[in-house]
Structure formats: structure tokens, C-alpha cells
Amino acid sequence: MDWYPLWNSLRIAAISCVIVFFSGIFAAYYVARLNRVIKGILDVILTLPMVLPPTVVGYFLLLIFGPKHPVGELFLNVFDIKLVMTWYSGIFAAVVVSFPLMYRTARGAFESFDMTLAYSGQTLGLSNTYIFWRIRIPACRQGILAGTVLAFARALGEYGATSMVAGYTPGRTATISTTVYQLWRTNDEALAFKWVMVNLAISTVVLLAVNLLERKEK
């Protein structure tokens, strides 16, 4: 049994989770402070990938990163780097589809934050950076943790957009999801079922870990 799909899926999910963690938190923090109209417009833009079909998301990514389109052509001609049909192409897809989960969850946590804690810190002369990382983030940790786990799980199981921008090449771009589909398509249901169980096991472990962390915090 070739374990490359597992390794590739885990590294794509981990890298995209780190990117989404910071980008989602900062987007949620600044959007939550805007007025209702601008917040509503940005909400629609930032959460659109969550309601769009994954294949549509993949199509838009191809319009950006494809070798005959702006960004993809630039990287190919200038840096000789191909942005599609490589293992790291899956990161683009995973980031886009998992970002809304992190953003929405973190924004909800920030909006429920007791601002008197921040005001108290300001009266003590604490900087906004210190208040953000040492007061606001710890107070919102449950929501941020939930968003991080959801983003990781979504990135790990992503298929539609990944199959369009990264494709399926054994030993190069294959992920668990694309491998399951290819094995099913070639009537190798026994091996496909094994990969389904691997994915299920990882997801179960992640969710159990979150539950344990939440219990310790209570």
C-alpha cells in the first residue's frame, strides 16, 4: 500500500491550516470592527467559497494560476515554476475552501469578546499588540480552536477544487480524496475502502483531541 496520498494530504492540510489560521484571524479581527455595510460586503466575498461548488472554486483557481492566465503565466515565464498540477497546487485549493470556516468561527468569537477587558488593558498602558495576543486571543481560544480544527478537517478532505488544480498523479499529486475516487473508478473498492477508513480514523482522532482540550479548559 503506497502511503504517499496520506503524507501528501497531511502536509497540504497542515500548511494550508497554518496559512488559514493567521489570515482568518486577522481578517475576522478587522472585519468585525467595520460598519455594517462594509462588513456585509466583505462577508459575502470572504465566505463565498463555502457555498460555491468545489469544482467552481477550482475553475476560478485555474483562471488565476493556470499557465495561460495572469499569475500562472508570470510564475512560469519568470521563475519557471508551474502553479498547477503539482502537489503544492493542492494548498491553493485547500486554503480557499477552508478559509471561510476559520474566518466565520473566529469572527463570531471576536464579536462575543468582552471589550471591557481590552479597555482595562489600555488603561494599564498595554499596547494593542499585547492586548490582542495575550488577552483577546486567549479569551477567544475556544472559537479559534474550533475554527482551526474545522479548517484542517476541511483541507484534509478537499476533493473538488484539488482535483482540478492538482489532478491525480500517483506519487506526485495524489491525496486521500483523489485516490479514493481513482480507486473506485478503477473498481478497486477494497483499497478505496482502506483509504476511506484511514481518513475516518484521522478525522476521529482530531475531533477527540479537540473534545479533550475543551474539557481541560472548562
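These legends describe close-up views of a predicted model.

**View 1. Tyr29 and Phe110 form an edge-to-face ring pair.** The structure holds 16 aromatic pairs. In this one, the ring centres of Tyr29 and Phe110 are 6.0 Å apart. Their planes meet at 80°, so the pair counts as edge-to-face. The contact joins distant parts of the chain. Tyr29 belongs to helix 1 (residues 4–31), and Phe110 to helix 5 (residues 89–111). The two residues are 81 residues apart. Tyr29 is buried, with a relative accessible area of 12%. Phe110 is also buried, at 6% relative accessibility.

**View 2. Phe132 and Trp133 make another edge-to-face pair.** The ring centres of Phe132 and Trp133 lie 5.1 Å apart. The planes stand at 90°, which means that the pair is edge-to-face. Buried or partly exposed: which word fits Phe132, and which fits Trp133? Phe132 is buried, at 6% relative accessibility. Trp133 is partly exposed, at 35%.

**View 3. Ring pairs build an aromatic cluster.** The cluster links Phe26, Tyr29, Tyr30, Phe110, Phe132 and Trp133. Tyr29 and Phe110 return here from the first view. Phe132 and Trp133 return from the second.

**View 4. Arg11 lies over the face of Trp87.** Arg11 is placed at 3.7 Å from the centre of the Trp87 ring.

**View 5. The largest pocket draws on several helices.** The volume of this pocket is about 300 Å³. Its lining has 17 residues. Closest to the pocket centre are Tyr29, Arg33, Met115, Asn128 and Arg136. Tyr29 is also a member of the aromatic cluster. Helix 1, helix 5, helix 6 (115–123) and helix 7 (128–139) each supply at least two lining residues. Helix 7 gives the most, with 5 residues. By class, the lining has 11 nonpolar, 3 polar and 3 charged residues.

**View 6. The second largest pocket has a lining of 12 nonpolar residues.** About 180 Å³ of space lies in this pocket. Which residues line the second largest pocket? They are Ile19, Pro49, Leu52, Val57, Phe60, Leu61, Ile64, Phe65, Ile91, Phe92, Val95 and Val96. No polar and no charged residues take part in the lining. Helix 3 (54–65) and helix 5 each supply at least two of the lining residues. The largest share, 5 residues, comes from helix 3.

**View 7. The largest cavity has helix 1 and helix 8 (141–156) in its lining.** The model has 1 cavity of 30 Å³ or more. The volume of the largest cavity is about 60 Å³. Ser9, Ile12, Ala13, Gly90, Ala155, Leu156, Glu158, Thr162 and Thr175 line this cavity. Helix 1 and helix 8 are the elements that give two or more residues to the lining. Helix 1 gives the largest share, 3 residues. What is the make-up of the lining of the largest cavity by class? There are 4 nonpolar, 4 polar and 1 charged residues.

**View 8. Helix 10 (residues 176–185) holds several buried residues.** Ile176, Ser177, Thr178, Thr179, Gln182 and Leu183 are buried in this helix. Asn187 follows helix 10. The phi of Asn187 is positive, near 65°.

Conventions. Residues are numbered from 1 along each chain as its sequence is written. This is a predicted model: local features need pLDDT of at least 70, side-chain atom pairs count only at pLDDT 80 or more; totals for chains, interfaces and linings use all residues. Side-chain values use heavy atoms; hydrogens and water are left out. Rings of Phe, Tyr and Trp (its six-membered ring) pair if their centres lie within 6.5 Å; planes under 30 degrees apart count as stacked, over 60 as edge-to-face and the rest as tilted. Helices (H or I, at least four residues) and strands (E, at least two) are DSSP runs, numbered from the N terminus. Buried means under 20% relative accessible area, exposed over 50%, partly exposed in between (1.4 Å probe, protein chains only). A charge sits over a ring if NZ of Lys or CZ of Arg is within 6 Å of the ring centre and within 35 degrees of the ring normal. On a 1 Å grid over the protein atoms alone, a cavity is a set of points where a 1.4 Å probe fits but cannot get out, and a pocket is an open set with protein on both sides within 12 Å along at least five of seven lines; lining residues have an atom within 4 Å of a point. Grid points are joined across faces, edges and corners, and a volume is the space filled by probe spheres set on the points. Ala, Val, Leu, Ile, Met, Phe, Trp, Tyr, Cys and Pro count as nonpolar, Asp, Glu, Lys and Arg as charged, and the others, Gly among them, as polar.
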